[in-house]
Amino acid sequence: MPIERFRINANELKYFTAFFVFICLLSACPYTNWLFRPALAIVLAYGLIMLVRFFGQGKLLIKKPLFMPLFLFSAIYCLNILWHIRDGLFTFVTNGGQMTLACLYFFIFFFQFSMLDSKERAEILQFSFNIYIWGALFFSVVSLVMLLFQYSSAFSINGTVYRIGMNGRAITNGVVSYQLFGIGTSSSILGSICLTGTLISVVSLWLNGKNRQRFYSISIVIFMLTLCAANAFTSVLMAMVFAASYVGCHYLTSIISLHGACLVKRICKLIIMVLGTLISVYVLYYAVQGAEASVVNLFERTRVTVCTFIEKMEESISHPTLPEVPPDGEEPNEFAKPEITEKPPMTIERTLTSSIYSGRLTIWAEGFQKFLQHPIFGVTNENISVYVNDRDRQYVNLHNAYLMLLVGTGIVGVSLIFFFGLSLLIKALRFISSKSGNIVKHLSILVSACLAILAGDFVNGNFVFAPSESYIFLWMFLGEIYGITFAQSEPASLKEMRLES
């Protein structure tokens, strides 16, 4: 009898992924945000068709490792949404949208993607990467120009007020502390775009070998400059986790076969390397912030000096003699040019304390109380709302994806997701520890990228509750890891390297 195989259209998944990534970028800009909902409706509708076709191959799916935890989670989650429904089934962000998004992440961007040939996976990743990198570069370059000129503005669209450019946080001793919003809807959004751009640029450097190295290297520099100016603590946390995870994964193969004193020595060395990496990234992050502030202040002083000089030159040409001073009590000429003034010095500083304690602890405490009311199955995203400051302000985003998951899906949902995640991580680390060479580097980069995205969710994010390009790439990276470790599928980039050598 012929062996039954999965029927997957690689081109369909390629263009579907690229379109989804593109509309997520649209949502990040105030000027294009209004296009996001109608475009998301198209994505969810077509995604449902893809899911129906995917589940039509039921007999083959059940045999896949780790399929059942995600399937059980999705089934319980969907039933829970129907049980708690208040605002109708067909909503984009909650209820119907939630169910479809969760299933798209799990079964299309993870399982279906992992079932493709390694070359097809690499093509889909690279196509989506290129679209995202160019879009993120546009965000970064325009935002950096706003930083250089200290541009700041606000406007209203459909009743929502958006800030763009520089956002002042505080004034200390005459120095203004800023965060860069740029053309993003917030500093966190801009930082997330640039950090995701940095991660996929690093992955692209590896996937492409020697091709376009200069482009991806320049992209990484631009993204790092922008995310430092955005000054969202999520970004520095993700960068630190990525660097430390890569060092840890890459060094794992050298300690796995050791015993006794040699093992203890190598573990101590690994701990020192990881700590050194964390400190280095942290210091570099704030050093770049200081350098950026110095450049902006220098540019401002230069601008004022040049403008003043030009104005004096124009006056000397048009009025060779000194202008008459108006008598006492007489108003000066109302058409006189405004005086050129220098903006106060700026800095890009934000303490760790202000990042963590800026209302988050209160929100987390209220969220945990919400979980205690429905600990088994949760209340779904539609019903997550906590009040702080004597019910003055309502939050539907708890600024912690894992707390969101706990409140939304309860102990049952969290247990299934963590079982899936830990199983895949352990499998990947065992695979890394048993191999050597380029495959270790390939998997180390992917595992580190996933851990970085998940680390950012400790202080932000919605986990499976929100459409986000970082979650799309997260599940595709997990799918690539799954395809290599469970299906023993050699990455396409490594095949090319082997053939070249």
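Start at Phe20, whose contacts beyond four places in sequence are Leu40, Val43, Leu101, Leu104, Phe109, Pro467 and Ile472. The model on screen is a predicted one. Phe20 shares a distinction with Phe477: of the 128 residues in the largest nonpolar core, these two touch the most other members. In soluble globular proteins, nonpolar side chains tend to be buried together.

**The whole chain**

Zoom out before going further. The chain has 501 residues, and buried residues make up 50% of them. Its secondary structure comes to 16 helices and 6 strands. Among contacts with a separation of 6 or more, 77% are between residues 24 or more positions apart.

**Helix α1**

Select residues 10-27, which are helix α1. The end C-alpha atoms of α1 are 26 Å apart, and this agrees with the 26 Å that its 18 residues should span at 1.5 Å a residue. Of those 18 residues, 14 are buried, so α1 is largely enclosed by the rest of the structure. Now show the side chain of Asn9. Which end of α1 does Asn9 cap? Asn9 caps the N-terminal end, with a side-chain oxygen 3.1 Å from the backbone nitrogen of Asn11.

**Aromatic pairs**

Next, colour the aromatic rings; a search of the whole structure finds 38 aromatic pairs. One of them is Tyr15 with Phe127, an edge-to-face pair with 5.4 Å from centre to centre and 80° between the planes. Tyr15 is in α1 and Phe127 is in helix α6 (residues 118-148), so the pair links parts of the chain 112 residues apart. Tyr15 is partly exposed, with a relative accessible area of 48%. Phe127 is also partly exposed, at 29%. For another pair, select Phe106 and Phe107: their ring centres are 6.1 Å apart and their planes are at 90°, so this pair is edge-to-face. Phe106 and Phe107 are both buried.

Go back to Phe127 and add Lys14. Lys14 lies over the face of the Phe127 ring, at 4.8 Å from the ring centre. A second arrangement of this kind involves Lys427, which lies over the face of Phe486 at 5.2 Å from the ring centre.

**Leu424 and its contacts**

Keep Phe486 on display and add Leu424. Phe486 is one of the residues that Leu424 touches, along with Leu66, Phe110, Leu478, Ile481, Tyr482 and Thr485, not counting residues up to four places away in sequence. Leu424 is found in helix α13 (residues 401-433). Is Leu424 buried or exposed? Its relative accessibility is 3%, so Leu424 counts as buried.

Select Leu66 as well. Leu424 and Leu66 are 358 residues apart in sequence, yet their C-alpha atoms are 8.2 Å apart in space. Leu66 is found in the loop between α3 (58-62) and α4. Its phi is near 65°, a positive value in a residue other than glycine. Leu66 is buried, with a relative accessible area of 13%.

**A second positive phi**

Move to Gln150, in the loop between α6 and β1 (152-157). Phi of Gln150 is near 55°, again a positive value in a residue other than glycine. What is the relative accessible area of Gln150? The value is 8%, so Gln150 is buried.

**Asn80 in helix α4**

Select helix α4, residues 67-84, and show Asn80 within it. Asn80 is buried, since its relative accessible area is 8%. Where does the side chain of Asn80 reach? It reaches the backbone oxygen of Phe377, at 2.5 Å. Show the surrounding residues too: Asn80 touches Phe377, Gly378, Val379, Thr380 and Gly408, not counting residues up to four places away in sequence.

**Last stop: helix α15**

Finish with residues 469-485, which form helix α15. This helix has 17 residues and reaches 24 Å from its first C-alpha to its last, close to the 24 Å expected at 1.5 Å a residue. How many of the residues of α15 are buried? The count is 17 of 17, and α15 is mostly covered. An α-helix has 3.6 residues a turn, so residues three or four places apart point the same way. With α15 still selected, bring back Leu424, whose contacts include Leu478, Ile481, Tyr482 and Thr485. Then show Phe20 once more, with Ile472 among the residues it touches.

Notes. Residues numbered from 1 in each chain as written. Predicted model: local features only at pLDDT ≥ 70, side-chain atom pairs only at ≥ 80, totals over all residues. Heavy atoms only, no water. Helix = DSSP H or I, 4+ residues; strand = E, 2+ residues; numbered from the N terminus. Expected span 1.5 Å × (residues − 1). Buried < 20%, exposed > 50% of the residue type's maximum accessible area, 1.4 Å probe, protein only. Polar contact = N/O pair within 3.5 Å; in protein donor to acceptor, adjacent residues only side chain to side chain. Contact = heavy atoms within 4.5 Å. Phe/Tyr/Trp six-rings, centres within 6.5 Å; stacked < 30°, edge-to-face > 60°. Lys NZ or Arg CZ within 6 Å of the ring centre and 35° of its normal. Core = buried A, V, L, I, M, F, W, Y, C linked by side-chain atoms within 4.5 Å.
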